[in-house]
Amino acid sequence: MLPLQARLPHHVFTGKPTRRVRFEFGTVALYSHISEKTGGSAAVIVSKKVAKTAPLRNRIRRRTYAAIRALMPLPHALAVYPTKEMSTAPFQKIVESLRGALH
């Protein structure tokens, strides 16, 4: 998990993102217009459509936060919407794919 000050509050990412970037394991919504206020903060959203059971959703969420933590400090505030493949993919491949989406 990311520290509380590095997590993006819900009310921020409900607005319109500056841009969306598709990557191998999901979608990243970039909020560069608010990154001055929040710094490089992030949120991970895993819906029941992606994974039916809570343990699988939590595994995907934890792996995504770990990949984000490996890329800190972030250039933007972002919201990540991962796919189910995030649960079984090699961690280094996740980090590299996410790094490519952010740059």
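Is S41 buried or exposed? The first view takes up this residue.

**View 1. Surroundings of S41 in the predicted model.** S41 sits in the loop that connects α2 with β3. Its relative accessible area is 1%, and because buried residues are those under 20%, S41 counts as buried. Leaving out residues up to four places away in sequence, S41 touches A6, R7 and L8. It also touches L74, H76, A77 and L78.

**View 2. The largest nonpolar core, made up of 26 residues.** F23, V28, I68 and L78 have the most contacts inside this core. At least two of its residues come from each of the strands β1 (19–23), β2 (26–31), β3 (42–44) and β4 (77–82), and likewise from each of the helices α3 (54–70) and α4 (91–102). The greatest contribution to this core is that of α4, with 5 residues.

**View 3. Contacts of I68.** With neighbours within four places in sequence set aside, the residues in contact with I68 are L2, A42, V44, L74, L78, V80 and L98. Among these partners, L78 is, like I68, one of the residues with the most contacts inside the largest nonpolar core. Another core, of 7 residues, lies apart from that one; its members include L8, A29, Y31 and A77. Two of these, L8 and A77, are also touched by S41.

**View 4. Confidence along the chain.** The average pLDDT of the chain is 86, and 92% of the residues score at least 70. Helix α2 (residues 35–38) has the lowest mean pLDDT among the elements of the chain, 53. The highest, 94, belongs to α3.

Methods:
Residues are numbered from 1 along each chain as its sequence is written. This is a predicted model: local features need pLDDT of at least 70, side-chain atom pairs count only at pLDDT 80 or more; totals for chains, interfaces and linings use all residues. Side-chain values use heavy atoms; hydrogens and water are left out. A nonpolar core is a set of buried Ala, Val, Leu, Ile, Met, Phe, Trp, Tyr and Cys residues joined through side-chain atoms within 4.5 Å. Buried means under 20% relative accessible area, exposed over 50%, partly exposed in between (1.4 Å probe, protein chains only). Helices (H or I, at least four residues) and strands (E, at least two) are DSSP runs, numbered from the N terminus. Contact means heavy atoms within 4.5 Å. pLDDT is the predictor's confidence in each residue, from 0 to 100.
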